[in-house]
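Hi,

Here is the structure I promised to send over. Have a look at it first, and then read on for what turned up.

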There are 2 protein chains.
Amino acid sequence: MANLTALRDHNTAAVLGRIRAADEISRVELALATGLTAQAVSKIVQRLAAEGLIAPSGLTPSTGGKPRTLLRLVPQARWVVGAQLHRHGSTLLLVDLAGRIADATTTRFDPAGATPRQTLDLLAAQVEALIAELPRDRVLGVGVACPGPLDQHTGVLHQVTGLPGWDGIPLRAELSARLGLPVLLDKDTTAGVLSRPGAADRAFVYLGDGLGAGLVLGGRVQRGARTNAGEFGHQVLDPRGPRCACGNNGCLEALCRAALADGDVGRTAELLGEGVANLVRLLDLAQVVLGGDAVLADPEVFRGRVSAVVRERLPDPGWQEVGIEISDAGEHVVALGAAGLVLGTVFGEGAALEG
Amino acid sequence: MANLTALRDHNTAAVLGRIRAADEISRVELALATGLTAQAVSKIVQRLAAEGLIAPSGLTPSTGGKPRTLLRLVPQARWVVGAQLHRHGSTLLLVDLAGRIADATTTRFDPAGATPRQTLDLLAAQVEALIAELPRDRVLGVGVACPGPLDQHTGVLHQVTGLPGWDGIPLRAELSARLGLPVLLDKDTTAGVLSRPGAADRAFVYLGDGLGAGLVLGGRVQRGARTNAGEFGHQVLDPRGPRCACGNNGCLEALCRAALADGDVGRTAELLGEGVANLVRLLDLAQVVLGGDAVLADPEVFRGRVSAVVRERLPDPGWQEVGIEISDAGEHVVALGAAGLVLGTVFGEGAALEG
DNA sequence: GCCACTTAGTCCACACTGTTGCTTTACTGG
DNA sequence: CCAGTAAAGCAACAGTGTGGACTAAGTGGC
């Protein structure tokens with residue numbers, strides 16, 4: 001489906017996305033980057049400025065004619081809430097358009113102990129508390145990230161690991177009804193890849209409770225046929241390796257867990273590097289961001305070892321350059337990524353909003 | 001970039017794609033499937049009929065009112081040429097809109113022996129011979145598939161395996177200049193995934209000279225940051241396994257090759273199944289098509305064993321159903337897929353045509 | 001200090017998209 | 001024969017990006 005409205009939204013998102021990526025940019029450069037005419041950019045910029053989303057922020061030195069007017073995002077023109085729900089509790093963030101965290105709530109509880117209804121009520125109350133001071137129409141929506149499997153499209157949870165009793169709960173609809181705001185649901189790892197803007201072909205690799213990956217390919221979040229892509233940890237790396245909960249032997253996740261239990265962080269990082277190298281080769285990625293508790297405990301070890309293994313494994317490392325980075329959002333990556341789910345609808349890297 | 005022309009082309013391709021997928025379909029169903037209004041569908045259908053691409057093919061039984069008019073592709077309204085270039089020769093196919101092969105040329109030669117210029121001249125002559133009887137404006141273009149690495153975007157070859165001296169040759173531009181037709185270049189495995197329409201999330205796994213994969217994710221061909229995605233064969237499956245040409249030990253490709261050399265087809269298929277299971281889990285695929293010499297020699301063994309391993313490895317095979325199929329195009333898969341590169345521009349699954 | 005020149009950005013008429021409301025066409029069933 | 005129903009076309013329209021002319025705001029030569 002595509003009509004004139006969709007066309008406009010698409011181009012508007014493309015312009016906004018460029019402004020965010022460039023921090024500060026002129027109309028002329030926007031036209032060049034998006035392929036739109038100067039005229040179209042002018043109209044779009046005018047509309048965005050009227051809505052308060054962007055504002056002029058200076059002039060370039062003249063090159064012999066009228067100087068270019070630089071444009072900048074007005075970060076606090078709109079807000080989104082990002083929530084991470086896991087088996088030990090929840091993290092909620094209030095995030096502005098620039099992806100900066102303005103406020104945070106971390107709660108430790110046992111969702112397995114409470115009924116889903118109670119937990120939903122609690123979540124809704126926490127969101128309300130975060131946005132209490134803000135005009136309602138300045139809040140774009142709420143993103144929620146959970147462990148999978150779940151159905152991103154309908155917003156329904158399946159047998160979420162560590163959360164029995166949540167199977168079949170229509171989290172998105174329930175929360176949206178309570179709040180009167182658009183809600184998006186996604187897997188924690190998929191959310192993680194949206195915690196910051198990045199390369200058009202990139203992955204977020206998360207070594208926490210489990211081992212998963214979020215994928216952006218060709219500038220689009222990839223969720224797969226049943227919106228459960230990213231099961232990265234159960235690739236068999238050594239058939240003689242330790243048994244994994246998934247039923248196989250020598251899964252990457254089981255190997256990493258075993259190495260971590262031995263206290264051998266370097267070995268863990270190298271194993272992870274093997275998996276990342278496989279991923280990069282298969283999908284020809286330009287950037288891999290690492291996150292999760294284990295990585296945050298020894299960030300430099302992971303960055304160094306994973307980079308080294310990837311460089312060694314790729315056939316032509318000079319040509320296929322890959323940025324290996326540690327997420328700068330720390331323990332907030334997933335919740336920030338959940339916010340990114342909603343921001344993606346504005347900047348053109350995610351799905352369309354409903355509700 | 002997106003303007004009104006792009007919008008129209010997008011919607012036109014969506015409509016044509018549905019007609020191809022359904023074989024026979026009414027305007028009403030098209031409107032439902034594409035999300036366009038009945039009016040928009042009518043206009044698009046009218047234009048397509050005027051161009052001769054589709055034609056009415058019958059009526060549905062009435063449900064109390066005017067019966068729906070069924071529409072069908074006119075397969076021979078346009079033609080494309082698909083070419084596979086490998087180190088032992090070339091295969092060229094003349095293909096209609098329905099993806100049916102009307103004519104074929106297979107040549108065995110040694111591209112490594114001839115200069116690139118000579119080989120290009122030969123290819124151009126072979127294309128001319130295939131389309132000699134057809135009005136030039138009925139030929140949409142030529143798709144060429146080669147082993148990688150190459151730059152799909154610019155149409156330039158890199159150090160193609162088995163073809164020394166081709167590094168840096170701008171194959172697309174050269175061939176396009178000789179023929180006066182649009183030319184698209186892509187990796188053989190990426191082409192293969194386009195040999196037939198299929199699920200929005202699918203892979204083509206090719207076990208021939210090497211072991212590679214072509215990916216369609218979210219309805220789009222995925223080529224990666226440097227258009228060389230699909231390196232599927234060099235994931236390490238057993239660190240104590242045999243040495244591979246890529247420098248690592250126990251690559252899937254090396255393991256498969258070793259099993260094949262032992263004459264153990266069943267074992268080869270099971271190893272391939274492990275790789276396919278990893279792929280399906282990572283990308284949440286709905287369909288995997290197998291092809292290549294080794295697979296074609298024992299298709300049923302591969303279909304059976306790979307299916308069995310995938311079913312065994314997936315956490316919930318009932319929910320995550322995956323179709324494992326053997327390509328019905330046989331030895332022509334890659335050349336047919338090369339034709340599919342061009343057809344994809346018409347039916348909306350590929351890149352835009354230029355030149 | 002003036003003025004030709006250059007570059008950025010806007011105004012306006014326009015072509016073309018899909019949409020909305022209404023009409024025509026074509027069949028069913030009493 | 002005619003009321004009812006569903007499909008498809010017609011005509012007016014809103015809104016998109018475009019192209020050409022025009023205005024705004026600088027630089028640099030004399």
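Let me start with one residue in chain A. Leaving out residues up to four places away in sequence, Thr91(A) touches Gly82(A), Ala83(A), Gln84(A), Thr105(A), Thr106(A), His332(A) and Ala335(A). It belongs to strand β5, which covers residues 89-96 of chain A. Thr91(A) is also buried, since its relative accessible area is 7% and anything under 20% counts as buried. Before you go further, do keep in mind that this is a predicted model.

Now the overall picture of chain A. Its secondary structure adds up to 11 helices and 15 strands. The radius of gyration is 21 Å, close to the 20 Å that the globule rule gives for 355 residues, so chain A is as compact as a globular protein of that length. If you want a feel for the dimensions, the C-alpha atoms of chain A fill a box of roughly 70 × 55 × 35 Å along the principal axes.

Some totals for the same chain:

- Of its 355 residues, 54% count as buried.
- Among the contacts in chain A with a separation of 6 or more, 59% are between residues 24 or more positions apart.
- Chain A exposes about 14,500 Å², and carbon and sulfur atoms supply 51% of that area.
- Chain A has 33 positive and 38 negative charges, and the mean positions of the two sets are 6 Å apart.

Next, how do chain A and chain B relate to each other? A rotation of 180°, with 0.0 Å of shift along its axis, superposes chain A on chain B with an RMSD of 0.1 Å. That is the relation of a two-fold axis. As for the interface, 98% of the interface residues of chain A are also interface residues in chain B, so the copies meet through the same surface.

A couple of backbone details come up in both chains. Gly148(A) and Pro149(A) are joined by a cis peptide bond, with omega at about -5°. Pro149(A) sits in the loop between β7 (139-146) and β8 (150-151) of chain A. Over in chain B, the peptide bond from Gly148(B) to Pro149(B) is cis too, with omega near -5°, and Pro149(B) is in the loop between β7 (139-146) and β8 (150-151) of that chain.

The other detail is at Asp284. In chain A, phi of Asp284(A) is near 50°, which is a positive value in a residue other than glycine. Asp284(A) is in the loop between α8 (265-283) and β14 (287-291) of chain A. Is Asp284(A) buried or exposed? Buried, with a relative accessible area of 0%. In chain B, Asp284(B) likewise has a positive phi near 50° and is placed in the loop between α8 (265-283) and β14 (287-291). Asp284(B) counts as buried at 1% relative accessibility.

While you are in chain B, take a look at helix α7, residues 252-261. Its buried residues are Leu252(B), Glu253(B), Ala254(B), Leu255(B), Cys256(B) and Ala259(B). What covers them includes β12 (211-217) and α8 of chain B. Just after α7(B) comes Gly263(B), which takes a positive phi of about 75°.

Back in chain A, two more residues are worth clicking on. Leu120(A) is in helix α4, residues 116-130, and is buried with a relative accessible area of 3%. Apart from neighbours within four places in sequence, Leu120(A) is in contact with Trp166(A), Ile169(A), Leu171(A), Glu174(A), Leu175(A) and Arg178(A). Leu120(A) and Glu270(A) are 150 residues apart in sequence and 40 Å apart in space, C-alpha to C-alpha.

Pro67(A), on the other hand, lies in the loop between β2 (54-59) and β3 (69-73) of chain A. Its relative accessible area is 27%, so Pro67(A) is partly exposed. Residues up to four places away aside, Pro67(A) touches Leu59(A), Thr60(A) and Ser62(A). From Pro67(A) to Arg281(A) there are 214 residues in sequence and 45 Å in space, C-alpha to C-alpha.

Cheers

Note on methods:
Residues are numbered from 1 along each chain as its sequence is written. Chains are lettered from A and ligands numbered from 1 in the order in which they are written. This is a predicted model: local features need pLDDT of at least 70, side-chain atom pairs count only at pLDDT 80 or more; totals for chains, interfaces and linings use all residues. Side-chain values use heavy atoms; hydrogens and water are left out. Helices (H or I, at least four residues) and strands (E, at least two) are DSSP runs, numbered from the N terminus. The radius of gyration is taken over C-alpha atoms; the globule rule is 2.2 Å times the number of residues to the power 0.38. Buried means under 20% relative accessible area, exposed over 50%, partly exposed in between (1.4 Å probe, protein chains only). Contact means heavy atoms within 4.5 Å. Accessible areas come from the Shrake-Rupley method with a 1.4 Å probe; for residues, only the protein chains shown count as cover. Lys and Arg count as positive and Asp and Glu as negative; His and the chain ends are not counted. The place of a charge is taken as NZ of Lys, CZ of Arg, CG of Asp or CD of Glu. Copies are superposed by least squares on the C-alpha atoms of residues with pLDDT of at least 70 in both.
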